[in-house]
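Good morning, everyone, and thank you for making time for this. I would like to walk you through one structure slowly, beginning with a single residue and working outwards from there.

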Amino acid sequence: MATPLAAPVVGNGNKVKAASVEAKLPSAKSLQSAFFNQRLHELYRDLNVESQGLRYAVFEKAITGYLNLQHEGQLSDAKQLLTVVDFELPSTEKRLWVLDLAAKEVKFHTLVAHGHNSGENVATNFSNKNESNMSSLGFYVTQGEYQGKHGRSLKLNGVDEGFNTNALMRSVVMHGADYVSEDFIQQYGRLGRSLGCPALPMDQKDEIIEAVNGGTCLFLNGPDQSYSSKYLNEDVAMNALLSNNS
């Protein structure tokens, strides 16, 4: 007696295929994340900062914080500027960038000093304490100008609790200094150091302070594994970016 051949179960096979297709569909959040990462990479490419030594990982953190601060309404609507300082680079390298995010151009790329007790040529130690004479990492919002002992200076409001919130009390400000120059590097093998301020070259400090004053974002990056910030929230940054593009 012949054994009948088993007929294919068409209905169940289609269900398996449909379930497989459904499982492969990306979620709305993953699509948003992909869009966010694509836009950041495009901006990074358009700014052409990789050739100037600004690493993508640092740029990504800076932009994420910028978008978080923008979402909270802490930044000026009139100036879409982001200043990035990378203290993982030695003081002999140009490690400050002022980025015009609207025009997609680098307004300034120059030298910047770190605090006296943060290290010699490379900054390795950071503090939020008064009289520490160290740099403080994290996000800042620029405030107004004033005339101080270093001449034209710019107040900086640190917004990362535990890392830079004592900046105003410590008088950590943006100012010019003679020890921030190529001549100083040639003579001493590194820049001079401040009492914690991101000090600028004398021939550029007026232009930079004029550009970034009044509610723009400054991010100081450094080699501190303990650093964390509520402004590095990618979900908030993604929503802010989507709102900007709606």
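Let me start with K104, which is found in the loop between strand 2 and strand 3. Please keep in mind throughout that what you see is a predicted model. K104 has a phi near 55°, which is a positive value in a residue other than glycine. How exposed is K104? Its relative accessible area is 39%, so K104 counts as partly exposed, given that the partly exposed class lies between 20% and 50%.

The loop that holds K104 belongs to a hairpin, made by strand 2 and strand 3 with 4 residues between the strands. Strand 2, which covers residues 96–100, pairs with strand 3 in the antiparallel sense, and 5 bridges connect the two. If you would like one pair to look for on the screen, find W97, whose bridge partner in strand 3 is H109.

From the hairpin we can step back to the whole sheet. There are 8 strands in an open sheet, and reading across it the order is 3-2-1-8-4-5-6-7, with mixed pairing. Which strands stand at the edges? They are strand 3, residues 105–110, and strand 7, residues 200–201; each has a single partner strand, and therefore one side of each is left without a neighbour in the sheet.

Let us move to the end of the sheet where strand 7 sits. Strand 7 is joined by 2 bridges to strand 6, residues 173–177, and these two strands run parallel. Within that pairing, A177 stands opposite P201 of strand 7. Strand 6 also pairs with strand 5, residues 151–158, but here the sense is antiparallel and there are 3 bridges; one pair to find is S153 with its bridge partner in strand 6, H175.

Strand 6 also deserves a look for how it is covered, since 5 of its 5 residues are buried. From this strand, V173, H175 and A177 point one way, while M174 and G176 point the other way, and all are buried.

Now to the helices, beginning with helix 3, which runs over residues 56–71. Its 16 residues, at 1.5 Å a residue, should span 22 Å, and the C-alpha atoms at its ends are 22 Å apart, so the expected span and the model agree. Just after helix 3 comes G73, with a positive phi of about 75°.

Many of you will ask what helix 3 leans on. Its buried residues, among them Y56, F59, I63 and L67, pack against helix 2, strand 1, strand 2, strand 4, strand 8 and helix 7. As one example from helix 3, take T64, which is buried because its relative accessible area is 6%, and the cut-off for buried is under 20%. Leaving aside neighbours within four places in sequence, T64 is in contact with F36, Y231, L232, N233, E234 and A237.

That brings us to helix 2, residues 28–47, and helix 7, residues 234–244. How do helix 2 and helix 7 pack? Their axes are 10 Å apart and the angle is about 75°, so the two helices are roughly perpendicular to each other. On the helix 2 side the contact is made by K29, Q32, S33, F35, F36, R39 and L40, and on the helix 7 side by E234, D235, A237, M238, N239, L241 and L242. Sorted by kind, the residues of this contact divide into 7 nonpolar, 3 polar and 4 charged.

I will finish with two residues in the loop between strand 3 and strand 4, which holds both N125 and E131. N125 is partly exposed, with a relative accessible area of 38%. Beyond its neighbours within four places in sequence, N125 is in contact with N117, S118, M134 and S135. N125 and L137 are 12 residues apart in sequence, and their C-alpha atoms are 9.8 Å apart in space.

E131, for its part, has a relative accessibility of 70% and therefore counts as exposed, the cut-off for that class being over 50%. E131 also has a positive phi, of about 65°, although it is not a glycine, which takes us back to K104 and its positive phi near 55°.

How values were computed: Residues numbered from 1 in each chain as written. Predicted model: local features only at pLDDT ≥ 70, side-chain atom pairs only at ≥ 80, totals over all residues. Heavy atoms only, no water. Pairing = 2+ DSSP bridges. Expected span 1.5 Å × (residues − 1). Buried < 20%, exposed > 50% of the residue type's maximum accessible area, 1.4 Å probe, protein only. Contact = heavy atoms within 4.5 Å. Axes fitted to C-alpha atoms, helices over the stretch in contact; angles between N-to-C directions. Parallel < 35°, antiparallel > 145°, perpendicular 65-115°, else oblique. Nonpolar A, V, L, I, M, F, W, Y, C, P; charged D, E, K, R; others polar.
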